Amino acid sequence: MRLLNEAQFRRIIADVFGPDIIVGGRFDPLVRSGGLLAVGAGKTSITGSSLERFDILARSIAGQVVAPVRRDWLIPCKPADATMADPECARAYFKSTGRLLYRRALTSEELETQVQIAGDAATNLNDFYGGLSASLAAMLTAPEFLFIVDTTEPDPNNPGQVRLTAEAMASRLSFFLWNTTPDDTLLTAAERGELHTTDGLKRQADRMMTSARFETGIRAFFDDMLAFDSFDTFEKDGLIYPAFSLAAANDAREQTLRTLVDLLLVKNRDYREIFTSRETFVSGALGLVYRVPVADPESWSRYMFPPDDERVGIQSQASLVALRSHPGRSSATLRGKAVREILMCQKVPDPPPNVDFTLVSDSANPIYKTARQRLGAHSTEPSCAGCHKLMDPIGLTFETLDGGAQFRTLENGEPIDTSGELDGIKFADAAGLGQALYQNPAVPSCVLNRLYNYATGRESNLGERDWLIEQEKQFADSGYKIPALVRRIVLSDAMYAITPADTQLSGQPGTREENPS
Amino acid sequence: MIRSRSLVTAATGLALGLSAPAMAASKTLGFVVPSWETATYETKYYDECPDGLAIGNDELWWKGLSQRDKDVLTNGGEMEPVDPPRRPMAVLRGPKKEDVCWNPEIVVDPPQRIVKGKFGYGMNLDGTTDGAATPKSCKHEKFVTPDGSTYVDNQMYRLVGCIYGWRKGNYVEAHADRERRDSSVGIILIEVTGVDDEQNDPEVEVSFHATRDVLYKDINGAILPYATFRVSETQHYGATAKGRIVDGKIVTDPADIRLPLYGHQMTGDMYIKDLRLDLPVQGPADDGPHLGMIAGYYDFDSWWDYTRRLESLLVTGQWSCPAMYVAAKQLADGYPDPETGECTAISTAMNIQVLPAFVVHPDRETADAGSAAQ
């Protein structure tokens with residue numbers, strides 16, 4: 001069971017009720033687990049205050065849905081009398097809309113409950129639409145809506161075991177590929193049992209992967225994998241980095257996502273090329289940061305950095321070098337840590353609590369003028385050296401890009417040395433780092449594991465190790481193509497497998513029980 | 001920040017599918033001009049204005065009123081005339097209440113007080129040291145630069161230098177400048193193509209464009225360098241001049257150039273004949289603006305078309321349209337009319353502040369771009 005994240009909530013509302021519905025307010029941050037918010041969402045509960053905010057939000061959305069300007073096309077029937085309850089019309093509405101919100105057909109009890117709420121409220125308010133709104137608001141705060149529930153059923157092919165229901169499979173597919181609720185076609189396929197057949201599953205997977213919404217799903221995955229939620233609390237000192245505006249920060253996130261979609265989906269390139277490619281997109285605000293021309297400063301333009309430029313690969317984009325810096329100075333350590341943890345899925349231990357960061361943060365130190373010199377002095381302390389060896393030889397390569405992602409050759413008048421090393425491969429500059437990442441087996445392995453965990457909403461377990469090793473091989477054989485990898489995952493049994501830790505058999509037919517997490 | 005122009009130009013070419021060697025043959029420099037003002041030489045005690053500051057329209061209007069009108073406007077002398085009737089009424093000084101800014105010859109005001117000092121800034125447009133008439137200029141007085149090195153022509157300074165509102169930092173030019181920076185309207189682009197050597201290049205081409213793109217600013221409101229600006233699609237602007245780079249300065253041969261003009265919520269043109277540019281390629285190390293100069297003969301009709309519409313500023317700026325018009329006609333020193341001999345343009349010089357920028361042409365397949373190395 002996973003809590004919807006903010007992006008999913010907003011997308012569902014837009015998909016079901018239209019993009020003009022205003023979804024105001026803020027959502028509680030999710031917990032990152034195993035490198036993914038999607039996994040952390042399975043370990044999150046809703047607090048009282050959070051539920052209160054969901055309730056306010058639900059009432060606002062429901063009010064907009066039944067507003068006179070929308071009711072004629074969002075509500076498929078008209079009440080006999082708008083000042084009274086109309087169970088028949090309410091039933092028709094909740095049967096269709098409820099199916100999209102709960103991602104399955106409502107049980108008869110659930111449907112009648114919604115009709116009852118709508119009727120009671122309509123009678124009290126003398127307003128059919130007011131009643132409908134109250135009932136819809138209740139649906140939007142129901143656990144069945146707010147949580148993606150992995151419902152199970154007895155597996156007819158394996159007596160005594162359980163499997164995901166077809167509707168739960170549909171949700172898993174849809175949130176993975178589209179980051180939203182299943183559409184009517186997918187739910188219909190689920191209701192017909194097609195998702196439990198190889199051909200039926202393929203048909204839906206292929207349909208969904210050729211849809212424009214697939215890009216949304218891939219963007220959501222990389223936004224999560226690259227921990228771009230850090231942008232939500234991101235700050236830069238405008239006096240030190242005048243070009244790094246709020247617009248530039250927003251565009252930095254978008255730049256990387258556009259680059260990934262272009263390279264991996266549109267051009268179907270080798271995943272590892274994201275670290276060596278100079279192709280990207282720039283906006284007017286980013287043009288200022290990178291100091292490059294932009295064909296259309298009011299929009300996004302394709303751009304290719306020249307061969308001798310320091311900027312190569314997504315790791316040199318502002319979404320890493322500026323995001324993984326301090327507000328007023330760069331950070332070789334944070335950048336190196338990000339490469340290890342985010343791009344290579346390696347855990348770097350947290351610093352011990354008694355570390356003295358004074359020297360490292362003294363970027364105006366008259367003796368240790370460059371970050372390399374300061375970190376070198378800092379890392380002479382044994383308690384620091386071990387971890388810094390993992391991070392700094394990577395991060396120091398980015399030092400020609402300051403904390404605001406602008407190019408420089410000097411720090412405090414001292415030339416910047418960009419040489420570095422990654423797992424035994426030495427390099428001279430950012431291009432060399434890109435090549436080292438390209439060649440490092442941890443890199444494709446990382447994205448495979450993250451994709452799989454993102455799809456299932458949980459961390460893989462030991463029992464899945466052999467399957468993942470086989471997938472790594474196939475990923476390599478396919479030329480590290482992400483769409484092919486995604487397709488293999490969605491067509492695999494593994495994606496829908498029930499693990500002992502989160503399995504519970506559903507009850508009798510007609511009732512549904514949720515898997516505890 | 002250090003980034004060479006060659007890098008930038010090559011990057012642009014690659015982005016657009018051009019071959020790097022072809023692009024490497026020459027470079028393009030781009031600049032945006034968010035700020036400019038008339039080049040004036042001012043002293044603390046108005047030495048350059050021995051007759052004092054120009055008489056304002058208000059004073060002339062008030063003196064021309066009947067006692068009855070004055071009593072109506074002051075409630076029998078008990079109050080100052082309030083703005084709403086005063087501002088629109090004060091310019092209606094013609095015999096039949098005509099607007100004297102739109103009909104500057106309909107009344108005769110006392111002559112405008114003008115600059116009579118020796119020093120001034122600008123360029124030597126007519127090539128003389130004494131201001132004697134030439135085929136392209138009328139006889140006039142020259143200024144000499146304060147360091148005594150150059151005789152220059154800047155009759156526009158002579159005209160406006162003793163007007164309160166036109167003096168440095170005052171409302172007329174300073175406010176228009178703020179408006180341009182705030183609104184991004186009336187922004188001038190300078191594009192230098194064919195640059196082979198940023199220090200000394202005997203042949204470059206300099207274009208002057210308009211843009212409708214916005215100026216990017218930092219948190220203090222300072223305009224940021226290296227933004228991209230698209231050349232406005234109108235054919236009205238974009239004239240070019242032959243030029244060269246001499247000891248790190250871009251200088252151009254005279255060329256007739258039309259520049260966009262915006263200020264006080266009014267648009268217009270600055271049509272400047274024989275315009276020359278003097279601009280350092282390199283800016284200061286702190287990414288601040290480069291300081292340069294544009295000088296030439298401001299076409300009288302183009303100038304007056306805009307200036308007469310500044311009548312709402314007469315109260316703040318303190319000048320008289322009829323007196324200014326007459327003085328400007330008398331001071332005009334360029335482009336004598338072949339029939340009347342009367343000059344039709346007035347020498348001017350403007351201090352400009354520019355920032356390196358990328359200038360792109362949406363109507364071309366290639367985007368020419370450049371910036372100054374630092």
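At what angle do the axes of helix α16 and helix α19 of chain A cross, and within what distance do they come? In this predicted model, the axes of α16 (residues 332–343) and α19 (residues 382–395) of chain A cross at roughly 105 degrees and come within 7 Å. Angles of 65 to 115 degrees count as roughly perpendicular, and α16(A) and α19(A) are therefore roughly perpendicular to each other.

The residues that meet include A:A332, A:R335 and A:V339 on the side of α16(A), and A:H388, A:M391 and A:D392 on the side of α19(A). Sorted by character, the residues of this contact divide into five nonpolar, four polar and four charged.

Chain A also contains a pair of strands, β5 (residues 279–282) and β6 (residues 301–304). The two strands run antiparallel and are joined by four bridges, and in one of these pairings A:F281 has A:R302 of β6(A) as its bridge partner. In β6(A), A:R302 belongs to the uncovered face together with A:M304, whereas A:S301 and A:Y303 form the covered face.

In chain B, the residue B:S35 lies in strand β1 (residues 27–38), and B:S35 counts as buried because its relative accessibility is 4%. Leaving aside residues up to four places away in sequence, B:S35 touches B:D177, B:R181, B:N351, B:I352 and B:Q353. Two distances from B:S35 are set out below.

| Pair | What is compared | Distance |
|---|---|---|
| B:S35 and B:D177 | polar contact between side chains | 2.8 Å |
| B:S35 and B:M350 | C-alpha atoms | 9.9 Å |

B:S35 and B:M350 are 315 residues apart along the chain.

Key:
Residues are numbered from 1 along each chain as its sequence is written. Chains are lettered from A and ligands numbered from 1 in the order in which they are written. This is a predicted model: local features need pLDDT of at least 70, side-chain atom pairs count only at pLDDT 80 or more; totals for chains, interfaces and linings use all residues. Side-chain values use heavy atoms; hydrogens and water are left out. Axes are lines fitted to C-alpha atoms, for helices over the stretch in contact, and angles run from 0 to 180 degrees between N-to-C directions. Angles under 35 degrees count as roughly parallel, over 145 as roughly antiparallel, 65 to 115 as roughly perpendicular and the rest as oblique. Contact means heavy atoms within 4.5 Å. Ala, Val, Leu, Ile, Met, Phe, Trp, Tyr, Cys and Pro count as nonpolar, Asp, Glu, Lys and Arg as charged, and the others, Gly among them, as polar. Buried means under 20% relative accessible area, exposed over 50%, partly exposed in between (1.4 Å probe, protein chains only). A polar contact is a pair of N or O atoms within 3.5 Å; within protein, one must be able to donate a hydrogen and the other to accept it, and residues adjacent in sequence count only if both atoms are side-chain atoms. Two strands pair if DSSP finds at least two bridges between them.
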